[in-house]
Amino acid sequence: MQQNSLSQSLKQRHITMIALGGVIGAGLFVGSGAIIATAGPAAILSYLVGGLIVTFVMFMLGEMASRNPDAGSFSTYASTYLGEWAGFAVGWLYWFKSLMTITIEAILLGAILNEFLPWLPVWGGAVIMLMTLIVSNAYSVRSFGEAEYWLSFAKVATIVIFMLFGLSILFGFQAKIPAPGFVNLTGNGGFMPNGISPVIAGIMVVIFSLGGSEIAAVAAGESENPRQNVVRAIRSVIFRVLVFYIGSVSIIILCLPWTDKANLASPYVSLFSMAGFPNAALAMKAVLFVSFMSVMNSFLFSNSRMLYSLSQRGYAPPMFARTNARGVPINALAFSFAICLGILAVHFVSGGDLFLMLAKSSGAFVMTVWIFIIVAHFVMRRKMARQPTQQQEASSFKAWFYPYSNAIAFLTLVAVLLSQAFNPDSRFQFWFMVATAVMIVGLYFVLRRRPNFGLIKNAQSAQSSAV
């Protein structure tokens with residue numbers, strides 16, 4: 001039995017944990033050591049700036065979502081406030097980006113399975129994990145929410161235990177390890193031993209690591225009280241960033257010299273081992289496995305909902321706007337599954353690393369989507385200022401420091417994006433993102449001439465209800 005509406009069965013705890021899980025990923029568990037090893041103690045600045053930007057952007061998204069919770073989220077808001085071309089471009093950019101993320105996570109999961117089960121090839125493990133999480137998503141939105149709740153809970157528990165162990169080292173509670181104090185902040189070349197360039201490059205990595213926070217706004221549309229739930233989830237962003245990212249990275253910087261490349265290759269394993277935690281490497285592998293599963297699970301959800309929303313607005317074939325009896329956009333989910341299987345097949349048959357190189361451009365795609373969120377929010381607030389007072393107060397949730405936060409976040413993201421173009425290590429990924437964006441925008445102007453294109457004007461109805 002097919003219908004055309006999503007289920008609203010997610011609870012507040014699901015939305016909160018989905019938002020929390022979107023922040024904590026392999027970028028924190030593994031990527032933090034790489035940033036510290038290149039930027040030195042000044043890596044904390046990368047996390048402070050990246051954390052500030054994601055907080056600003058998520059608060060902007062939260063204000064728009066509190067007015068109009070929608071499965072298309074930022075794509076719908078871009079259509080409403082910037083024009084249909086922007087909604088089309090943002091939606092398809094995000095859909096394409098999330099496909100890359102899903103597939104790379106499947107490959108990483110397959111690699112971990114291969115370590116524990118050598119008889120299982122990487123491609124076999126990748127397909128098994130992709131099918132497992134597809135089934136979880138396809139059964140019902142509630143099953144997705146429960147799976148993500150417990151996967152995120154495991155990651156949060158790991159961070160809490162890590163921070164307790166790290167603090168025990170810093171305060172001298174580990175008898176075999178002398179408390180390092182602040183020596184690692186100033187020794188070995190000082191606070192910023194390699195200059196500002198690695199710090200700026202680190203901001204891009206941090207923003208990529210924090211990509212996924214926006215999924216909470218997508219998921220809120222399928223919760224019992226969407227407006228309240230999205231506000232509560234977004235409000236907790238700053239707490240999560242301060243505690244889990246900046247707090248844990250600060251502990252690593254204080255406990256490990258930035259010149260200790262060996263331990264920074266896997267900083268969480270190193271600190272667990274220093275604190276006397278047995279089998280730290282094995283336990284961390286399990287945590288990474290859970291982290292990869294969580295990311296793939298979340299992006300399978302947001303990917304299918306974005307395609308569903310694009311179809312509802314006439315930007316994709318109508319078949320993708322159909323849902324099953326449980327309110328799951330099953331056609332959109334099946335199509336994304338088929339595309340991911342195709343990418344996996346090409347990757348493993350070719351034996352090359354082209355896909356892995358393209359997947360590294362995900363950070364640039366995330367920043368581009370966030371730039372659209374910033375501009376859409378700015379335009380929304382400008383329009384609100386011209387409305388009667390009672391309409392201006394339709395939502396009590398307001399993004400912080402408007403319009404200064406918009407300007408700071410916009411200029412920072414543009415600067416980091418442009419810096420990629422001048423960095424030999426990231427130049428290819430930057431131009432790949434630009435080429436993809438140009439092709440998608442060009443496709444919009446070609447397709448809009450068709451009589452049935454954009455036939456369902458959800459963007460216009462959203463505008464009338466949101467402003």
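# Exercises on a predicted helical model

Phe 88, Trp 92, Trp 95, Tyr 315, Phe 320, Phe 335, Tyr 444 and Phe 445 form one aromatic cluster. The model is a predicted one, and the exercises below work through its ring pairs, salt bridges, helix packing and burial.

## Exercise 1

Classify the ring pair formed by Phe 88 and Tyr 315, and state which parts of the chain the pair ties together.

Solution. A pair of aromatic rings is described by the distance of the centres and the angle of the planes.

Step 1. For Phe 88 and Tyr 315 the ring centres are 5.8 Å apart and the planes stand at 80°, so the pair is edge-to-face. The cut-off used here is that planes over 60 degrees apart count as edge-to-face.

Step 2. Phe 88 belongs to helix 6, while Tyr 315 sits in the loop between helix 16 (280-312) and helix 17 (330-350), so parts 227 residues apart in sequence are tied together.

Step 3. Phe 88 has a relative accessibility of 1% and counts as buried. Tyr 315, at 4%, is buried.

## Exercise 2

Classify the ring pair of Trp 85 and Phe 372, then decide for each residue whether it is buried or partly exposed.

Solution. Step 1. The structure holds 21 aromatic pairs. In the pair of Trp 85 and Phe 372, the centres lie 6.0 Å apart and the planes meet at 65°, so this pair is edge-to-face.

Step 2. Trp 85 is in helix 6 (residues 84-116) and Phe 372 is in helix 19 (residues 362-385), with their positions 287 residues apart in the chain; the pair links distant parts.

Step 3. Buried requires a relative accessible area under 20%. Trp 85 has 34% and is partly exposed, whereas Phe 372 has 16% and is buried.

## Exercise 3

Find the salt bridges in the whole structure and locate the partners of each.

Solution. Step 1. A search of the whole structure gives two salt bridges.

Step 2. One of them joins Glu 63 and Arg 381, whose closest N and O atoms are 3.1 Å apart. Glu 63 is part of helix 4 (residues 43-67) and Arg 381 is part of helix 19, so the bridge ties together parts 318 residues apart in sequence.

Step 3. Glu 63 is buried at 0% relative accessible area. Arg 381 counts as buried at 16%.

Step 4. Lys 285 and Glu 115 also meet in a salt bridge, with an N to O distance of 3.1 Å. Lys 285 lies in helix 16 and Glu 115 in helix 6, so the parts tied together are 170 residues apart in sequence.

Step 5. Lys 285 is partly exposed at 28%, and Glu 115 is partly exposed at 47%.

Step 6. Arg 381 also has an aromatic partner: its charged end sits over the ring of Tyr 402, 4.3 Å from the ring centre.

## Exercise 4

Describe the surroundings of Met 64.

Solution. Step 1. Met 64 is found in helix 4, and with a relative accessible area of 2% Met 64 is buried.

Step 2. Leaving out residues up to four places away in sequence, Met 64 touches Tyr 77, Tyr 81, Ile 373, Ala 376, His 377 and Met 380.

Step 3. For one of these, Tyr 77, the C-alpha atom is separated from that of Met 64 by 7.2 Å, the two residues being 13 apart along the chain.

## Exercise 5

Determine how helix 10 and helix 21 are oriented to each other, and which residues make the contact.

Solution. Step 1. The axes of helix 10 (residues 197-210) and helix 21 (residues 404-421) come within 10 Å and cross at roughly 110°.

Step 2. That crossing makes helix 10 roughly perpendicular to helix 21, since angles of 65 to 115 degrees are classed this way.

Step 3. Helix 10 contributes Ile 200, Ile 203, Met 204 and Ile 207, and helix 21 contributes Leu 413, Val 416, Ser 419 and Gln 420.

Step 4. An α-helix has 3.6 residues a turn, so residues three or four places apart point the same way.

## Exercise 6

State how much of helix 3 is buried, and set this beside the figures for the chain.

Solution. Step 1. Helix 3 (residues 31-39) is mostly covered, with seven of its nine residues buried. These are Gly 31, Ser 32, Gly 33, Ile 35, Ile 36, Ala 37 and Ala 39.

Step 2. Just after helix 3, Gly 40 takes a positive phi of about 75°.

Step 3. The chain has 23 helices and zero strands, and buried residues make up 58% of its 467 residues.

Step 4. Of the contacts between residues at least 6 apart in sequence, 82% join residues at least 24 apart.

Note on methods. Residues are numbered from 1 along each chain as its sequence is written. This is a predicted model: local features need pLDDT of at least 70, side-chain atom pairs count only at pLDDT 80 or more; totals for chains, interfaces and linings use all residues. Side-chain values use heavy atoms; hydrogens and water are left out. Rings of Phe, Tyr and Trp (its six-membered ring) pair if their centres lie within 6.5 Å; planes under 30 degrees apart count as stacked, over 60 as edge-to-face and the rest as tilted. Helices (H or I, at least four residues) and strands (E, at least two) are DSSP runs, numbered from the N terminus. Buried means under 20% relative accessible area, exposed over 50%, partly exposed in between (1.4 Å probe, protein chains only). A charge sits over a ring if NZ of Lys or CZ of Arg is within 6 Å of the ring centre and within 35 degrees of the ring normal. A salt bridge is a side-chain nitrogen of Lys or Arg within 4 Å of a carboxyl oxygen of Asp or Glu. Contact means heavy atoms within 4.5 Å. Axes are lines fitted to C-alpha atoms, for helices over the stretch in contact, and angles run from 0 to 180 degrees between N-to-C directions. Angles under 35 degrees count as roughly parallel, over 145 as roughly antiparallel, 65 to 115 as roughly perpendicular and the rest as oblique.
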